[in-house]
Amino acid sequence: MREIRLIDKKDAQKRLLGTFLRDDEKLIIILGGSLGSGGLRKVLQDAQNMIKSTSCKVLCMGIKAEDRPFPEALVHEACWDMTTVFSAADMIVCRAGASTLAELRALGIPVLVVPWLKAVGQHQLSNAQYFSKLTGAPVFLEGSSQEQFRAALRSVAERRVSCEDLSAGAVKLYEALRSLTV
């Protein structure tokens, strides 16, 4: 596993966005996975009015400007060093890759998991369910209602994941999730 750590939130946001967010603004970062995600784009398009009514900024990682889910969404090129990305986030919406979930768990970042249901053997769904059982993080399935998405986002915003031993927790979760996908 790669080293995982956080840096100063304001510095990380400045690196990613080129500017600082106001104190009342929150940053939701969308990670589409290594293959990108048309499905997550659709979820966000459906929820854009709800998101725009909050003080949240949405940053979609790894997509081009013309692929943004709605005009106000921010975009950033793909990034393999996730230190800055994870540090900048107030909340992350992501697929259910084992390594990503282990890192987010270890760092205590609030997350909404949207498993890719076409993954081989539905391993992402299994990962998401296991992660949810361990952390209480909500799982949202593509095709569910906007109200369910709103409720899931609200749930994430209201909670914080905590870990007693971050590195041990990450390794334990990573190994457990990896055993599910082999």
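Q: Buried means under 20% relative accessible area, exposed means over 50%, and partly exposed lies in between (1.4 Å probe, protein chains only). Which of these classes does L141 fall in, and why?
A: L141 has a relative accessible area of 33%. That value lies between 20% and 50%, so L141 is called partly exposed. This is a predicted model, where local features need pLDDT of at least 70, side-chain atom pairs count only at pLDDT 80 or more, and totals for chains, interfaces and linings use all residues. Residues are numbered from 1 along each chain as its sequence is written, and side-chain values use heavy atoms, without hydrogens and water.

Q: What makes L117, V139 and L141 a patch?
A: Patch residues need over 30% relative accessible area and no salt bridge; like charges are joined within 9 Å, nonpolar side chains (Val, Leu, Ile, Met, Phe, Trp, Tyr) within 5 Å. L141, at 33%, passes the area cut-off. L117, V139 and L141 form a nonpolar surface patch with about 180 Å² of accessible area together (Shrake-Rupley, 1.4 Å probe; for residues, only the protein chains shown count as cover). L141 sits in the loop between α5 (123–135) and α6 (146–157) (DSSP runs numbered from the N terminus; helices are H or I, at least four residues, strands E, at least two).

Q: How do you know that β4 pairs with both β1 and β5?
A: Two strands pair if DSSP finds at least two bridges between them. β1 and β4 have four bridges. β4 (residues 91–94) and β5 have three. Both counts meet the cut-off, so both are pairs. Both pairings are parallel. I28 stands opposite M91 in β4. I92 stands opposite V111 in β5, and V93 has L112 as its bridge partner there.

Q: Why are β3 and β5 placed at the edges of the sheet?
A: The open sheet has five strands in the order β3-β2-β1-β4-β5, with parallel pairing. β3 (74–76) and β5 (111–113) each have a single partner strand, so one side of each has no neighbour in the sheet. The twist averages 20° from one strand to the next.

Q: Which way do the side chains of β4 point, and are they buried or exposed?
A: M91 and V93 point one way, I92 and C94 the other. All are buried.

Q: What does helix α4 lie across, and at what angle to β4?
A: α4 (residues 98–107) lies across β1 (26–31), β4 and β5, at about 165° to β4. Contact means heavy atoms within 4.5 Å. Axes are lines fitted to C-alpha atoms, for helices over the stretch in contact, with angles from 0 to 180 degrees between N-to-C directions.

Q: Why is the D90 and K9 pair called a salt bridge?
A: A side-chain nitrogen of Lys or Arg must lie within 4 Å of a carboxyl oxygen of Asp or Glu. The closest N and O atoms of D90 and K9 are 3.3 Å apart, so the pair qualifies. D90 lies in the loop between α3 (82–88) and β4, K9 in helix α1 (residues 9–17), 81 residues apart. D90 is buried at 13%; K9 is partly exposed at 33%.

Q: What makes E142 and R95 a link between separate parts of the chain?
A: Their closest N and O atoms are 2.5 Å apart, so this is a salt bridge too. E142 is in the loop between α5 and α6 and R95 in the loop between β4 and α4, so the pair ties together parts 47 residues apart in sequence. R95 is buried at 8%, E142 partly exposed at 29%.
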